[in-house]
Amino acid sequence: MKKVERINILMRYINNRAHFTISEIMREFNISRSTAIRDIREIEAMGMPLVAEVGRDGGYFVMNNSVLPTVRFTDNEIKALFIAFMATRNLQLPYLKSRHSLAEKLLGLLSQNQQDDLVLLNQILLFEGTNPHNPDLLDLSDLPHPMLEQLIRILLKDCYLAVSVEEGRITTPYAIYLLRLYREKSAWQIEGFDLEENKRRIIPVDHLADVKPYSGKKRISKKKIVEHLGKQEEAINLVLELGPKAIAQFKKYHPLKITISYTNPYQTTAILKTFIHVHHPDELAEITDWLLFLGGDIKVRSIPKEVVEGLQERLVALGTSN
């Protein structure tokens with residue numbers, strides 16, 4: 001009998017009895033004492049209110065002979081949960097171990113037919129980043145950077161942070177107000193407001209050496225931070241409409257500061273708005289190459305003439321080389 005199945009049956013066994021002992025569990029399920037104790041501790045962690053009795057005739061009983069209210073899922077809700085698990089493989093998500101235990105618990109609540117459906121879905125659905133030769137629903141191969149969960153625990157209590165960032169061989173401290181934590185180009189990033197320099201700062205989570213609540217006095221209010229950033233925003237000078245092929249290219253690669261907004265619920269059309277520093281040669285060259293990378297599935301609403309000239313030069317050069 002699989003562990004998940006045994007735990008599920010054991011929960012029902014326990015809840016239907018006013019009192020039970022470890023020895024009874026060992027005999028009923030043909031398991032060792034250590035396994036029985038581990039299973040009981042896991043059931044307690046899942047929320048069953050067990051009370052231990054000491055003494056020669058001691059054992060356990062369920063408080064008020066009840067458990068937490070049963071959560072029931074429809075077939076479609078179950079499929080939605082597990083497809084979401086499948087789609088988020090290899091995304092270095094926080095709390096991955098908790099996701100693993102959640103999946104095990106859900107599997108234990110399902111009928112054999114429902115489990116068979118999920119096994120079939122797991123075989124026929126394939127998402128980006130999935131190894132088709134090892135499509136394990138509970139694969140733990142995509143653990144995130146260990147600093148990510150520590151960061152989340154702290155920011156849930158306070159968005160004012162003191163972080164230490166490794167830059168080469170140098171560790172630099174920053175005092176920031178965290179604006180958002182996001183994942184882009186296969187890496188988790190902090191977008192924060194630098195409380196010392198009064199400007200936006202992007203910090204890769206992978207570069208964090210330490211993070212803790214900020215104890216300094218420069219706690220600018222969120223309202224003032226928004227005002228500061230509003231004054232620093234550049235005027236948008238590049239606006240594009242993206243079709244599905246261009247969106248697929250965008251997902252493969254895009255400059256860090258550029259984002260898109262989907263314009264339909266199926267995420268097959270989107271709009272891109274950003275500012276290009278046309279007098280920065282490196283940025284102009286990068287955006288020119290990237291627009292060519294997006295391909296022809298775009299419509300231009302607004303574009304700087306310098307970008308147009310750069311595209312024309314590149315196209316001429318490509319035509320000549322061919």
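Two strands count as paired here if DSSP finds at least two bridges between them. Keep that in mind as we walk through this structure, which is a predicted model. By that rule, strand β8 (residues 238–242) and strand β10 (residues 270–274) are a pair, antiparallel and joined over five bridges.

Before going further into that pair, let's step back to the whole chain. There are eleven helices and eleven strands in it. The chain has 322 residues, and 34% of them count as buried. About 20000 Å² of the chain is exposed, with carbon and sulfur atoms supplying 53% of that area. If you take the contacts between residues at least 6 apart in sequence, 59% of them join residues at least 24 apart.

Now back to β8. On one side β8 has β10, with the five bridges already mentioned, and β8 is also joined to β11 by four bridges, again running antiparallel. A handy residue to click on is Glu-241. Glu-241 stands opposite Ile-271 in β10, while its bridge partner in β11 is Lys-299. As a reminder of the chemistry, strands of a sheet pair through backbone hydrogen bonds, either parallel or antiparallel.

Put those pairings together and you get an open sheet of four strands, in the order β9-β10-β8-β11, with antiparallel pairing. At the edges sit β9 (260–262) and β11 (298–302), each of which pairs on one side only. From one strand to the next, the twist averages 20°. Helix α9 (residues 244–252) lies across β8, β9, β10 and β11, and runs at about 115° to β8. So how enclosed is β8? Four of its five residues are buried, so β8 is largely enclosed by the rest of the structure.

While you're in this part of the chain, have a look at the loop between β9 and β10, where you'll find Gln-267. Gln-267 isn't a glycine, yet its phi is positive, at about 55°. With a relative accessible area of 39%, Gln-267 is partly exposed, because the partly exposed class covers what lies between the buried cut-off of 20% and the exposed cut-off of 50%.

There's another sheet to visit. This one is also open, with five strands in the order β6-β5-β4-β3-β7 and antiparallel pairing. Here β6 and β7 stand at the edges with a single partner strand each, so one side of each has no neighbour in the sheet. The twist in this sheet averages 45° from one strand to the next. Inside the sheet, strand β4 (residues 170–184) and strand β5 (residues 187–194) run antiparallel and are joined by eight bridges. To see one of the pairings, find Arg-183, whose bridge partner in β5 is Trp-188. Helix α7 (residues 146–155) packs on this sheet, where it touches β3 (160–167), β4, β5 and β7, and its direction makes about 15° with that of β7.

Next, try the loop between β6 (199–204) and β7 (208–213), which holds Val-205. Is Val-205 buried or exposed? Its relative accessible area is 1%, so Val-205 is buried. What does Val-205 touch, leaving aside neighbours within four places in sequence? The contacts are His-145, Leu-148, Leu-151, Leu-181, Trp-188, Gln-189 and Ile-190. Two of those names are worth a second look: Trp-188 is the bridge partner of Arg-183, and Ile-190 sits 6.6 Å from Val-205, C-alpha to C-alpha, although 15 residues separate them in sequence.

Finally, head for the start of the chain. Helix α1 (residues 3–15) and helix α2 (residues 22–29) have axes that come within 12 Å and cross at roughly 130°. The two helices are therefore oblique to each other, and α1 passes α2 in a right-handed crossing. On the α1 side, Arg-6, Ile-9, Leu-10, Tyr-13 and Ile-14 make the contact, and they meet Glu-24, Ile-25, Glu-28 and Phe-29 of α2.

Just past that, in the loop between α2 and α3 (33–45), comes Asn-30. Like Gln-267, which has a positive phi of about 55°, Asn-30 has a positive phi of about 55° without being a glycine. Asn-30 has a relative accessible area of 72%, so it counts as exposed, whereas Gln-267 is partly exposed.

Definitions and conventions: Residues numbered from 1 in each chain as written. Predicted model: local features only at pLDDT ≥ 70, side-chain atom pairs only at ≥ 80, totals over all residues. Heavy atoms only, no water. Axes fitted to C-alpha atoms, helices over the stretch in contact; angles between N-to-C directions. Contact = heavy atoms within 4.5 Å. Buried < 20%, exposed > 50% of the residue type's maximum accessible area, 1.4 Å probe, protein only. Areas by Shrake-Rupley, 256 points an atom, 1.4 Å probe, with all protein chains shown as cover. Parallel < 35°, antiparallel > 145°, perpendicular 65-115°, else oblique. Left-handed = near helix turned anticlockwise from the far one by under 90°.
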